[in-house]
Amino acid sequence: MSLEAAVSSFQQLQNSLQTVVEARQRLDSQLSENEQVKKEFSRLTPNNQIYKLIGPVLVKQDQVDAKTNVDKRIEFINDEIKRVEAQLRDISEKMEKKKVEIVQLQTKAQQTTQVPTS
Amino acid sequence: MSNQGQQQVDVTTLDLNQLIEVKRQLEQELQHLTSSFGQLKGAQAKFKACIESVESVKPENEGKTTLIPLTSSLYVPGKLADLENVIVDVGTGYYVEKSTKDAIKMYKEKVEFVTKNLETLQETIVRKQDNLQTVNEISRVKAIQQREAALKAQA
């Protein structure tokens, strides 16, 4: 593979790393928001009415339903975080390998240009 | 940022270009942190405003007319029907009906939570600023050294 191709695929990896990192950060903020809601729910008494915002209207909701819903969401987000973490590891590994490859190609290129001058 | 401790590098061993890179990175982090700080400040102010608003929902105000905003420029007169309860946004699209007392308590807790976060953030920012200053200092020293070495080589 040529040096240019290696560098461009390295850049591609860098870009995908960027998007995955952003996804990870988004998940983190979603998780903390949901945990905040869970904490709030845990302090409710049975006569606190819960509403859910659906479009522009507030709809009455059962407390148990709302709680299980939030629990499920937290579970889902945690699974997503695991998936994204695996992706992150995978991309970093690939980048590491590409870097080695690029360095090798670079030294080779340097040697070939140095031969005629010396 | 969690593995900060593991990547400790002695900045004095870096050369000028690396120092510039470190400086750039630090500046970026600092910018991100200050913008987060501003956002948190905004959230804090919003919660404080909520406390004030909830406090105005009290029995003394029963029967008085208020203006309800339908849009940002259209208001209709209205009366408060329920002075004991308010509906509070707890996040992710869920709203909970609470007594005004509980609502104020919740907002106070939120303000406290945000304030605590602001304090830790402030500490981090100060530390980063210190780091940046150190890096600046060292890169200046290195630049001078480099120039002197170049002069000596010429002479």
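**Entry: second largest pocket**

I looked up the volume of the second largest pocket and got about 230 Å³ of space. I keep in mind that the model is predicted.

I then listed the lining. On the list are B:Ser56, B:Asn61 and B:Thr66. B:Leu67, B:Ile68 and B:Pro69 follow. B:Lys79, B:Leu80, B:Ala81 and B:Asp82 complete it.

Which element gives the largest share of this lining? I found strand β1 of chain B, residues 65-69, with four residues.

I sorted the lining by class. Five residues are nonpolar, three are polar and two are charged.

**Entry: chain B, elements**

I checked the secondary structure of chain B next. I noted two helices and four strands. Along the sequence the pattern reads α-β-β-β-β-α.

Why do I call chain B more spread out than a compact globule? Its radius of gyration is 27 Å, and the globule rule gives 15 Å for 155 residues; the value is well over the rule, so the chain is more spread out.

I also looked up the box filled by the C-alpha atoms of chain B. Along the principal axes, it comes to roughly 90 × 35 × 25 Å.

**Entry: chain B, burial and contacts**

I looked up burial: 26% of the 155 residues of chain B count as buried. For exposed area I got about 11000 Å² for chain B. Carbon and sulfur atoms supply 53% of that area.

Last, I looked at contacts in chain B between residues at least 6 apart in sequence. Of these contacts, 59% join residues at least 24 apart.

Notes: Residues are numbered from 1 along each chain as its sequence is written. Chains are lettered from A and ligands numbered from 1 in the order in which they are written. This is a predicted model: local features need pLDDT of at least 70, side-chain atom pairs count only at pLDDT 80 or more; totals for chains, interfaces and linings use all residues. Side-chain values use heavy atoms; hydrogens and water are left out. On a 1 Å grid over the protein atoms alone, a cavity is a set of points where a 1.4 Å probe fits but cannot get out, and a pocket is an open set with protein on both sides within 12 Å along at least five of seven lines; lining residues have an atom within 4 Å of a point. Grid points are joined across faces, edges and corners, and a volume is the space filled by probe spheres set on the points. Ala, Val, Leu, Ile, Met, Phe, Trp, Tyr, Cys and Pro count as nonpolar, Asp, Glu, Lys and Arg as charged, and the others, Gly among them, as polar. The radius of gyration is taken over C-alpha atoms; the globule rule is 2.2 Å times the number of residues to the power 0.38. Buried means under 20% relative accessible area, exposed over 50%, partly exposed in between (1.4 Å probe, protein chains only). Contact means heavy atoms within 4.5 Å. Accessible areas come from the Shrake-Rupley method with a 1.4 Å probe; for residues, only the protein chains shown count as cover.
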